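Me: Please take a close look at a single part of this structure and explain the terms as you go. I would like one connected account rather than a tour of the whole chain.

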Amino acid sequence: MDRPGIFWLKDKMLRSGLIGRAIQDSRSPWLHEQEARAQGLDLTYELFDFDQLDLADGELAGLLARLREDGFCGVNVTYPFKQRVMPLLDELAESASLVGAVNTIAMRNGRLTGHNTDMVGFYESMEEGLPGAALDRVLQLGAGGAGSAVACALLALGTRRLDLYDVDLDRAGKLAGLLGERFGAGRVFPCSIADPVTVGVNGIVNATPMGMAAHPQSAIAPDLISPAHWVADIVYFPLETELLRVARAKGCRVLNGSGMVIAQAAKAFEIMTGFPADKARMHDSFLSRQ
């Protein structure tokens with residue numbers, strides 16, 4: 001039965017997709033289309049890979065305008081556009097304003113509204129995948145769009161001190177300032193990624209593109225990881241990144257990116273289509289393609 005207020009009829013063709021670079025290995029098309037099929041929805045999920053399409057970053061606005069005109073119900077946004085897309089939108093939901101990045105855009109009546117489902121995705125993944133993990137001090141690698149969402153989740157989970165490393169120290173500093181305003185001063189410390197310190201750290205989180213198929217190296221030197229650390233990676237393709245392989249071999253508790261991608265995808269599906277997703281079913285769909 002259709003839900004009151006939904007702007008489309010259930011028998012209408014729905015078009016959605018993902019905008020980013022180097023996204024040909026994304027599992028999002030499979031996850032969204034399988035969930036739609038299970039609900040009896042006619043949905044397509046297309047990839048708009050700026051690398052494959054040979055598009056410059058400046059063509060993002062034109063692509064969004066075209067998708068809006070073509071009647072898309074929404075799109076996901078990934079690296080490197082989660083922050084660059086924000087000025088191009090008509091409105092930001094509270095989740096996007098809090099995180100300072102957008103990974104999901106709802107398209108309704110010609111208006112583009114930005115949301116962020118990465119924060120809730122990582123939050124739920126940590127609760128389910130690393131229950132009881134010590135959060136006195138956490139080292140996070142990456143202060144970009146995904147890193148902002150992960151940092152918000154870690155602070156919301158109760159992290160007392162967050163060491164925020166990035167190749168761009170200025171970017172890390174700006175994010176630390178914003179996080180201080182939202183979660184309280186004295187909890188986030190920006191650092192240069194060139195010289196990470198893991199002594200006294202409970203956990204290490206990779207929120208950079210390092211570890212992806214296109215960038216397979218670990219974001220941190222193996223000798224900086226000890227068995228006392230828990231280690232999480234938001235990369236989900238491959239599931240066993242070099243960082244997690246090293247950490248697992250040392251006896252660390254580890255968390256791969258599958259929980260985050262499934263939780264954020266389920267929320268994004270609802271935002272774009274208006275219908276709640278079955279997260280357990282999406283998890284089964286994800287595993288079926290590994």
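Reply: Two strands pair if DSSP finds at least two bridges between them. Helices (H or I, at least four residues) and strands (E, at least two) are DSSP runs, numbered from the N terminus. The model is predicted, so local features need pLDDT of at least 70 and side-chain atom pairs pLDDT 80 or more, while totals for chains, interfaces and linings use all residues. Residues are numbered from 1 along each chain as its sequence is written, and side-chain values use heavy atoms, without hydrogens or water.

The part chosen here is an open sheet of six strands, with S9-S8-S7-S10-S11-S12 as their order and parallel pairing. At its edges stand strand S9 (188-192) and strand S12 (253-255). Each of these has a single partner strand, so one side of each lacks a neighbour in the sheet. On average, neighbouring strands are turned by 20° against each other, with direction ignored (axes are lines fitted to C-alpha atoms, for helices over the stretch in contact, and angles run from 0 to 180 degrees between N-to-C directions).

Which residues of S10 point one way, and which the other? Gly203 and Val205 point one way from S10, while Ile204 and Asn206 point the other way. In a regular strand, side chains alternate between the two faces of the sheet. All four of these residues of S10 are buried (under 20% relative accessible area, against over 50% for exposed and partly exposed in between, with a 1.4 Å probe and protein chains only).

How many bridges link S10 to its partners S7 and S11? S7 and S10 are paired in the parallel sense over four bridges. On that side, Val205 in S10 has Gln140 opposite it. S10 and S11 also run parallel and are joined by four bridges. Here the bridge partner of Ile204 is Val231, in S11. Thus Val205 is matched with Gln140, and its neighbour in the list above, Ile204, is matched with Val231.

The next pair is strand S11 (residues 230-233) with S12, which is parallel and has three bridges. One of the matches between them is that of Ala232 with Leu255 in S12. S12 is also an edge strand.

Helices lie across this sheet. Helix H4 (residues 118-129) lies across strand S10 (203-206), S11 and S12 (contact means heavy atoms within 4.5 Å). The direction of H4 is at about 145° to S12. Helix H5 (residues 145-157) lies across strand S7 (137-141), strand S8 (161-166), S9, S10 and S11. H5 runs at about 170° to S7. S10 and S11 are named for H4, and they are named for H5 as well.

One feature of the backbone belongs to the loop that leaves S11. Pro238 is placed in the loop between S11 and helix H7 (242-249). The peptide bond that joins Phe237 and Pro238 is cis, with omega at about 5°. Most peptide bonds are trans.

A second sheet helps to place the first. Another six strands form an open sheet, in the order S2-S1-S3-S5-S6-S4, and here the pairing is mixed. Its edge strands are strand S2 (43-49) and strand S4 (91-92), each with a single partner strand.
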